[in-house]
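Here are some short exercises to work through with the model open beside you. Try each task before reading its solution.

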Amino acid sequence: MNYKNIKRYGLNERFEQEAALYEGMFLARVSEQHRDLYKVIGEQGELLASVSGKLFYAADGTMDFPAVGDWVMVDRIDGNAGKAIIHQILRRKSVFTRKAAGTSNTAQIVAANIDVVFICMSLNADFNLRRLERYLSIAWDSMATPVIVLTKADLCDDLQQRLVELASVSAGTEVIVCSCREENGYQSVNAYITEGKTIAFIGSSGVGKSTLINHLMGQNVLTTKEIREDDDRGRHATTHRQLLLLPNGGIVIDTPGMRELQLYAGNLPKAFEDIAELAAKCKFRDCSHTKEPKCAVRSAIEAGELSEKRLENYLKLQREIVYEGLNSRQLEQEKINRMFGSKKKMKQAMKQAKNKNHR
Ligand SMILES: Nc1nc2c(ncn2[C@@H]2O[C@H](COP(=O)(O)OP(=O)(O)OP(=O)(O)O)[C@@H](O)[C@H]2O)c(=O)[nH]1
Ligand SMILES: [Mg+2]
């Protein structure tokens with residue numbers, strides 16, 4: 001198959017190879033989701049789509065349904081004869097998940113197959129280190145690279161102080177400071193956007209995600225809304241996730257601001273590398289860092305090297321993770337095992353399909 005259009009939407013060899021497994025079906029990327037209706041981009045343009053009955057009944061939770069950014073196999077190449085049917089979701093390269101709002105322990109996919117995740121936080125009222133720790137835990141688990149984007153620099157008069165505070169939680173993550181009120185306010189963001197790479201913007205409502213994307217697009221394609229004056233919060237201007245193609249060849253996913261961000265899976269050792277390093281020096285291997293003797297983590301707090309609040313948040317997030325010990329990579333692996341038996345068998349099947357389709 002000679003793909004042209006969807007190559008611009010980030011198609012690479014890995015997905016192309018897997019798609020070869022599904023003879024007679026067409027490859028497309030999910031660009032929008034509205035409840036159970038999807039918009040997908042195929043080789044001949046946009047299509048409306050819904051999932052097949054088989055996919056629906058075989059689904060074991062929301063992770064088994066398509067999400068924005070997913071590569072899927074559909075039954076048609078154009079929409080002339082009606083809606084397309086999504087038969088298969090290709091293996092995800094990365095996935096940003098959170099616990100669905102409410103009490104159930106189900107996951108919600110925020111974006112799939114992203115290369116970089118921009119965690120947006122404004123430098124005024126939204127600035128909150130504990131929330132950022134949550135975002136980073138999920139981002140490091142997602143297999144996408146996180147970048148912290150601090151927005152609304154024009155509304156902050158103690159930037160240096162903010163950056164010092166941030167340094168205690170941002171280790172290993174790039175930080176970009178920007179503002180829509182300055183001429184070159186988004187230049188550093190642009191540096192991360194390259195052809196064929198997918199970038200997702202996440203963060204609270206009103207921090208300026210859509211404003212930023214509009215700037216990158218060079219036109220106002222997305223709706224933005226003034227924040228409420230009384231509490232400085234956004235008004236949920238963006239209502240659904242959406243994938244767009246940027247003029248410079250990058251692909252961006254805009255997401256609605258989240259009211260709460262609960263963890264479904266998270267990479268705590270990576271987001272809290274300082275605590276993980278200290279924990280290795282505790283007397284007890286299963287030290288809970290609460291009351292045990294010779295606890296290196298508590299000693300660091302007493303010495304003023306680690307903030308108590310950071311430890312509290314770490315312990316809280318640890319309790320929150322649904323699949324304790326299972327990260328997104330392992331969850332995806334489980335799915336492959338369910339589908340193919342093992343990763344090796346999946347690779348063999350892919351190779352066979354490729355040879356067959358090339359004959
Ligand atoms: N002063 C200032 N205002 C900004 C900046 N960036 C965005 N805004 C304003 O903040 C408000 C909210 O921006 P949006 O882009 O709608 O925010 P969002 O993150 O997309 O919000 P949701 O879609 O609700 O998640 C708008 O009125 C923007 O004009 C900035 O750098 N400085
Ligand atoms: Mg928005």
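## Exercises with worked solutions

**Exercise 1. Find out whether Lys294 is buried or exposed, and look at its backbone.**

Step 1: Lys294 is exposed, with a relative accessible area of 64%. Here buried means under 20% relative accessible area, exposed over 50%, and partly exposed in between (1.4 Å probe, protein chains only).

Step 2: Lys294 sits in the loop between H9 and H10. Helices (H or I, at least four residues) and strands (E, at least two) are DSSP runs, numbered from the N terminus.

Step 3: the phi of Lys294 is near 50°, a positive value in a residue other than glycine.

Before going on, a word on the model: it is predicted, local features need pLDDT of at least 70, side-chain atom pairs count only at pLDDT 80 or more, and totals for chains, interfaces and linings use all residues. Residues are numbered from 1 along each chain as its sequence is written, chains are lettered from A and ligands numbered from 1 in the order in which they are written, and side-chain values use heavy atoms, with hydrogens and water left out.

**Exercise 2. Now do the same for His289.**

Step 1: place His289 in the loop between helix H9 (273-279) and helix H10 (296-302).

Step 2: read its phi, which is near 60° and positive, in a residue other than glycine.

Step 3: His289 counts as buried, because its relative accessibility is 6%.

**Exercise 3. Describe the surroundings of Glu32.**

Step 1: Glu32 belongs to strand E1 (residues 26-34).

Step 2: with a relative accessible area of 10%, Glu32 is buried.

Step 3: list what Glu32 touches (heavy atoms within 4.5 Å). Not counting residues up to four places away in sequence, these are Leu37, Tyr38, Lys39, Val68, His240, Arg241 and Gln242.

Step 4: the side chains of Glu32 and His240 are joined by a polar contact of 3.4 Å. Such a contact is a pair of N or O atoms within 3.5 Å; within protein, one must be able to donate a hydrogen and the other to accept it, and residues adjacent in sequence count only if both atoms are side-chain atoms.

**Exercise 4. Trace how ligand 1 is held among its neighbours.**

Step 1: there are 22 residues around ligand 1, and Asp154, Ser205, Thr211, Thr238 and Gly257 come nearest. A residue counts here if one of its heavy atoms lies within 4 Å.

Step 2: a side-chain N or O atom of Asp154 is 2.8 Å from a nitrogen atom of the ligand.

Step 3: turn to the backbone, where a polar atom of Gly206 is 2.9 Å from an oxygen atom of ligand 1. A backbone N or O atom of Val207 is 3.3 Å from an oxygen atom of ligand 1.

Step 4: taken alone, ligand 1 exposes 660 Å², and the protein buries 94% of that. Accessible areas come from the Shrake-Rupley method with a 1.4 Å probe; for residues, only the protein chains shown count as cover.

**Exercise 5. Work out which residues of H7 are buried and what follows the helix.**

Step 1: helix H7 (residues 209-217) is mostly covered, with 7 of its 9 residues buried.

Step 2: those buried residues are Lys209, Ser210, Leu212, Ile213, Asn214, Leu216 and Met217.

Step 3: their cover includes strand E8 (116-122) and helix H6 (187-190).

Step 4: just after H7, Gly218 takes a positive phi of about 80°.

Terms used
Contact = heavy atoms within 4.5 Å.
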